[in-house]
Amino acid sequence: MLFDTHAHYDSHQFDRDREEVLAALPGADVALVVNPGCDLPSSRMAVSLAETHSGIYAAVGVHPEDCADWTDAMLDELRALAAHPKVVAIGEIGLDYYWKENPPREFQQHVFRAQMALAQELDLPVIVHDREAHGDSMDIVRDFPEVRGVFHCFSGSAEMAKELVRLGWHISFTGVLTYPNARKAIEAADVIPLDRLMVETDSPYMAPVPFRGRRNWSGYVEHTARRLAEVKGISYEACCRITLENGLRFFRIPAPV
Ligand code: NI
């Protein structure tokens, strides 16, 4: 049984066949999915998918790539959405310095900090997106010592992973772990204790080998779990059980029956 801790089924890439894809999850041994929002409309849709599908939980938040029209008044709607019992985190939030057309760095930092403060107020964990912004992301994490979270699709070093673990954070890996150039991700996975690891697809993006380049879906999370099991020197079955238990504990979700 697998827990895909990060997939975007609100994406327009699933508009044609969303219900069929979601209906196929149990057959692929995927018991649970967390669907994070990237802006207000996608956060609303994440909540409505969680409302209509038992194995789907939602996170609500504004992604750094989508924060250009952010105003602090949006915190009120995020707070209202987060009151839903199936909203388990604030996310995805963070910093993305990769794309030149993204909002200015200082503005992204403001939006990230505002949502970290919301997570602290609501006592919810956060799902962090950090691309080419490791130093500033860590500075903000350290400024909110009461907030716990996960760095999703982790791209930092083994040293950064150790520091996050020391701070009580979790780390999750996508299909990137299966890519031929995954040396850095593997070095990081190697030093993270088993009880801090989670797996995810980031569907519809980041499909693992052998499906790289295709539309991703939670059924492919198996390939990331298999690679992670190899890296950690444990069985695939143990890797599934441990990452599922970690996800349940981290998101405070009851075990599926
Ligand atoms: Ni994502």
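In this predicted model, a nickel ion is coordinated by four side chains, namely His6 and His8 through their NE2 atoms, Glu92 through OE and Asp202 through OD, at distances of 2.0 to 2.4 Å. Along the chain these donors follow the spacing H-x1-H-x83-E-x109-D. His8 belongs to the loop between strand E1 (2–4) and helix H1 (18–23), while Glu92 belongs to strand E4 (residues 87–96), so this pair of donors ties together parts that are 84 residues apart in sequence. Both His8 and Glu92 are buried.

What is the geometry of the site of the nickel ion? The angles among its 4 donor atoms run from 81 to 173 degrees, and the site is irregular. Four donors count as tetrahedral only if all angles lie between 85 and 135 degrees, so a range of 81 to 173 degrees does not meet that description. As a point of reference, the ideal angle for four tetrahedral donors at a metal is 109.5 degrees. Water is not among the atoms, so a site such as this one may look incomplete.

Glu92 also takes part in an unusual feature of the backbone, where a cis peptide bond joins Gly91 and Glu92, with omega at about 5 degrees. The place of Glu92 in strand E4 puts this bond and the metal donor at one residue of that strand. A second cis peptide bond joins Val209 and Pro210, with omega at about 10 degrees, and Pro210 has its place in the loop between E8 and H8.

The backbone also has residues other than glycine with a positive phi. One of them is Asp29, whose phi is near 65 degrees; Asp29 is found in the loop between H1 and strand E2 (30–36), and at 39% relative accessibility it counts as partly exposed. Another is Arg252, with a positive phi of about 55 degrees. Arg252 lies in the segment after helix H9 (236–251) and is exposed, having a relative accessible area of 55%.

Turning to charged side chains, the structure holds 15 salt bridges. Side chains of opposite charge can pair when their charged atoms come close. The table gives some of these pairs, with the distance between the closest N and O atoms.

| Salt bridge | N to O distance |
|---|---|
| Arg215 and Asp17 | 2.8 Å |
| Glu163 and Arg142 | 3.4 Å |
| Lys162 and Glu159 | 3.4 Å |

Which parts of the chain does the salt bridge of Arg215 and Asp17 tie together? Arg215 lies in the loop between strand E8 (197–199) and helix H8 (221–232), and Asp17 lies in the loop between E1 and H1, so the pair ties together parts that are 198 residues apart in sequence. The two partners differ in their accessibility class: Arg215, at 27% relative accessibility, counts as partly exposed, whereas Asp17 is buried, with a relative accessible area of 15%.

The salt bridge of Glu163 and Arg142 links two helices, because Glu163 lies in helix H6 (residues 158–166) and Arg142 in helix H5 (residues 134–143), parts that are 21 residues apart in sequence. Arg142 is partly exposed, with a relative accessible area of 40%. Lys162 and Glu159, by contrast, both belong to helix H6, where they are 3 residues apart and therefore separated by about one helical turn. Within this pair, Lys162 is partly exposed at 40% relative accessible area, and Glu159 is exposed at 53%. Salt bridges that share partners also join Asp139, Arg142, Glu163 and Arg166 into one network.

How many disulfides does a search of the whole structure find? The search finds 0 disulfides. Cys153, for example, is in no disulfide, and the nearest cysteine sulfur, that of Cys38, is 13 Å away. Cys240 is likewise in no disulfide, and the nearest cysteine sulfur to it, that of Cys239, is 6.1 Å away. Since a disulfide needs two cysteine sulfur atoms within 2.5 Å, neither the 13 Å of Cys153 nor the 6.1 Å of Cys240 falls inside that limit. Both of these cysteines are buried, Cys153 with a relative accessible area of 16% and Cys240 with one of 5%.

Note on methods: Residues numbered from 1 in each chain as written. Predicted model: local features only at pLDDT ≥ 70, side-chain atom pairs only at ≥ 80, totals over all residues. Heavy atoms only, no water. Buried < 20%, exposed > 50% of the residue type's maximum accessible area, 1.4 Å probe, protein only. Donors = N, O, S within 2.8 Å, 3.2 Å for Na, K, Ca; no water. Tetrahedral: all angles 85-135°; square planar, octahedral: opposite > 155°, others 65-115°. Helix = DSSP H or I, 4+ residues; strand = E, 2+ residues; numbered from the N terminus. Salt bridge = Lys/Arg side-chain N within 4 Å of Asp/Glu carboxyl O.
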